[in-house]
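Please walk through this structure with me, beginning with its open spaces and ending with the contacts between its side chains.

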Amino acid sequence: MKDKLRTAFIERFSSNPVFYASAGRINLIGEHTDYNGGFVFPGAIDKYIMTAININGTDKVRLYSVDMNQYTEFGLREEDKPAEQWACYVFGVCREVIKRGFEVKGFDAVFAGDVPLGAGLSSSAALESCFAYALNDLFNDNKISIFELALIGQSTEHNYCGVNCGIMDQFASVFGKKDCLMRLDCRSLEFKYFPFKPVGYKLVLVNSQVKHELVDSPYNKRRESCERVAKTLGVETLRDADMSMLEAAKAQISDEDYKRAVYVIGEKQRVLDVCEALEKGDYETVGQRMYETHHGLSKDYEVSCEELDFLNDVAKECGVTGSRIMGGGFGGCTINLVKEDLYDTFVQTAKTKFNEKYGIEPIIIDVVISDGAHKVE
Ligand code: GLA
């Protein structure tokens with residue numbers, strides 16, 4: 001990828017760039033909990049967005065997406081927001097850096113990636129983190145803290161891309177560490193690395209190829225439901241709620257909001273259960289919780305779709321240890337914890353059955369837990 005980017009950069013801008021990359025992410029468990037102040041358990045993966053970039057001495061950004069073969073230019077003032085959605089991620093990062101009192105000047109950049117788009121692997125967070133990391137190094141002597149880089153990505157989503165997301169994706173993209181998952185407490189923002197090399201098991205993603213787009217999806221509505229329930233219960237976020245509080249207030253809460261809250265409250269405990277089980281090497285419990293999460297996301301939170309439910313059923317029928325929809329939902333992948341000796345059968349069965357039913361083979365992605373944002377030497 002680096003050579004491809006270098007060639008594209010030199011052809012277009014005739015100078016020598018430097019390279020930065022940031023990663024997509026998986027999440028073992030803890031879905032839709034981040035914006036509820038709960039726990040998440042993600043890790044960065046070996047799928048990256050990379051940029052070749054150089055300062056250009058002007059007040060303009062000149063930006064080329066290799067994968068889309070599209071070019072645009074924009075200034076760095078608020079009113080210079082580009083028309084192209086893909087460029088808004090980079091523009092937003094520039095603006096969020098500037099708003100925090102740090103420096104950004106004109107630069108030239110080309111970028112490309114192998115994080116599948118719309119698959120729930122956070123290609124947008126990878127893009128934001130890649131540029132936030134680059135601007136910190138190029139213009140600010142790395143004075144912006146790594147955590148702030150994640151927040152810059154999140155604010156970009158909120159203020160320039162229309163997704164009222166939590167912090168998980170950007171956090172995972174910048175803090176990811178090879179062979180480690182991270183348990184993040186999204187309220188205190190404390191986190192802990194968990195070495196993750198399950199003996200005798202593999203983590204595999206099955207991409208339904210149903211494109212998920214969080215912009216204009218009911219994602220923001222889910223968040224509003226949670227905030228409404230928290231307000232009714234008189235707590236800051238659903239992190240502070242339990243089932244007895246929810247039951248006591250049931251009459252004041254709509255049926256739909258009630259179901260959303262049931263899921264979130266249950267998920268908080270499931271993440272903690274999984275962390276405990278992992279420390280004991282108890283993968284059966286990890287797997288059970290994953291199935292429970294899927295059930296909740298499908299029936300109570302209602303962010304699944306027919307294809308993902310089908311893949312979950314196939315996993316169950318094959319005897320896969322754990323399986324669930326991953327990420328924001330409405331399409332994308334299931335994440336599966338599979339015993340190594342079952343792996344081939346499961347992958348083959350999932351491909352065949354899905355193809356029989358939907359006329360398309362799902363894409364199998366083996367998970368390799370990797371480093372997050374970095375300068376590429
Ligand atoms: C998307 C958001 C995250 C998180 C997940 C669901 O990926 O960007 O902040 O809410 O959905 O867990």
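How do the residues of the lining of the largest pocket divide into nonpolar, polar and charged? In this predicted model, the lining of that pocket is made up of 18 nonpolar, 14 polar and 8 charged residues. The pocket itself has a volume of about 800 Å³, and 40 residues line it, of which Y89, L117, G118, S123 and S124 are the closest to its centre. Four elements each give two or more residues to this lining, namely α2 (85-99), β6 (107-113), α3 (123-140) and α5 (168-175).

One of these contributors, α5, can be looked at further in terms of its accessibility. The element is mostly covered, with 8 of its 8 residues buried, and the residues concerned are M168, D169, Q170, F171, A172, S173, V174 and F175. D169, which appears among these buried residues of α5, is also one of the residues closest to the ligand.

The surroundings of the ligand come next. The ligand is surrounded by 13 residues, and the closest of them are E31, H32, D34, D169 and Y219. For D169, an N or O atom of the side chain lies 2.6 Å from an oxygen atom of the ligand. D34 likewise approaches through its side chain, where a polar atom is 2.5 Å from an oxygen atom of the ligand. H32, in contrast, is placed with a polar backbone atom 2.6 Å from an oxygen atom of the ligand.

Beyond the largest pocket, the second largest pocket has a volume of about 200 Å³. Its lining consists of D179, F196, K197, P198, Y201, K202, L203, D366, V367, V368 and I369, and the largest share, 3 residues, comes from strand β9 (residues 201-207). By class, this second lining holds 7 nonpolar and 4 charged residues, with no polar residues.

The structure also holds 1 cavity of 30 Å³ or more, and the volume of the largest cavity is about 30 Å³. The residues that line this cavity are T33, N36, G38, L238, R239, V264, I265 and K268, and by class they comprise 3 nonpolar, 3 polar and 2 charged residues.

From the open spaces, the account can turn to the charged side chains, which form 28 salt bridges in the structure. One of these joins R289 to D273, with the closest N and O atoms 2.9 Å apart. This pair links distant parts of the chain, since R289 lies in helix α9 (residues 283-300) and D273 in helix α8 (residues 255-279), the two residues being 16 residues apart. Both R289 and D273 are buried.

A further salt bridge brings together the side chains of K353 and E317, at 3.2 Å from N to O. Here too the pair links distant parts of the chain, with K353 in helix α11 (residues 343-358) and E317 in helix α10 (residues 306-318), 36 residues apart. How accessible are the two partners, K353 and E317? K353 counts as partly exposed because its relative accessible area is 32%, whereas E317 is exposed because its relative accessible area is 56%, and the cut-off for exposed is over 50%.

Elsewhere, salt bridges that share partners join E96, K99, R100 and E148 into one network. Within this group, E96 forms a salt bridge with R100, and the closest N and O atoms of that pair are 2.8 Å apart. The two partners fall into separate accessibility classes: E96 has a relative accessible area of 3% and is therefore buried, while R100, at 27% relative accessibility, is partly exposed, the limit for buried being under 20%.

A last stop concerns an uncharged pair of side chains. S323 lies in strand β10 (residues 322-325), and this residue counts as buried because its relative accessibility is 0%. Which side chain does the side chain of S323 meet in a polar contact? The partner is the side chain of N336, at a distance of 2.7 Å.

Terms used: Residues are numbered from 1 along each chain as its sequence is written. This is a predicted model: local features need pLDDT of at least 70, side-chain atom pairs count only at pLDDT 80 or more; totals for chains, interfaces and linings use all residues. Side-chain values use heavy atoms; hydrogens and water are left out. A salt bridge is a side-chain nitrogen of Lys or Arg within 4 Å of a carboxyl oxygen of Asp or Glu. Buried means under 20% relative accessible area, exposed over 50%, partly exposed in between (1.4 Å probe, protein chains only). On a 1 Å grid over the protein atoms alone, a cavity is a set of points where a 1.4 Å probe fits but cannot get out, and a pocket is an open set with protein on both sides within 12 Å along at least five of seven lines; lining residues have an atom within 4 Å of a point. Grid points are joined across faces, edges and corners, and a volume is the space filled by probe spheres set on the points. Ala, Val, Leu, Ile, Met, Phe, Trp, Tyr, Cys and Pro count as nonpolar, Asp, Glu, Lys and Arg as charged, and the others, Gly among them, as polar. A residue is near a molecule or strand if one of its heavy atoms lies within 4 Å of it. A polar contact is a pair of N or O atoms within 3.5 Å; within protein, one must be able to donate a hydrogen and the other to accept it, and residues adjacent in sequence count only if both atoms are side-chain atoms.
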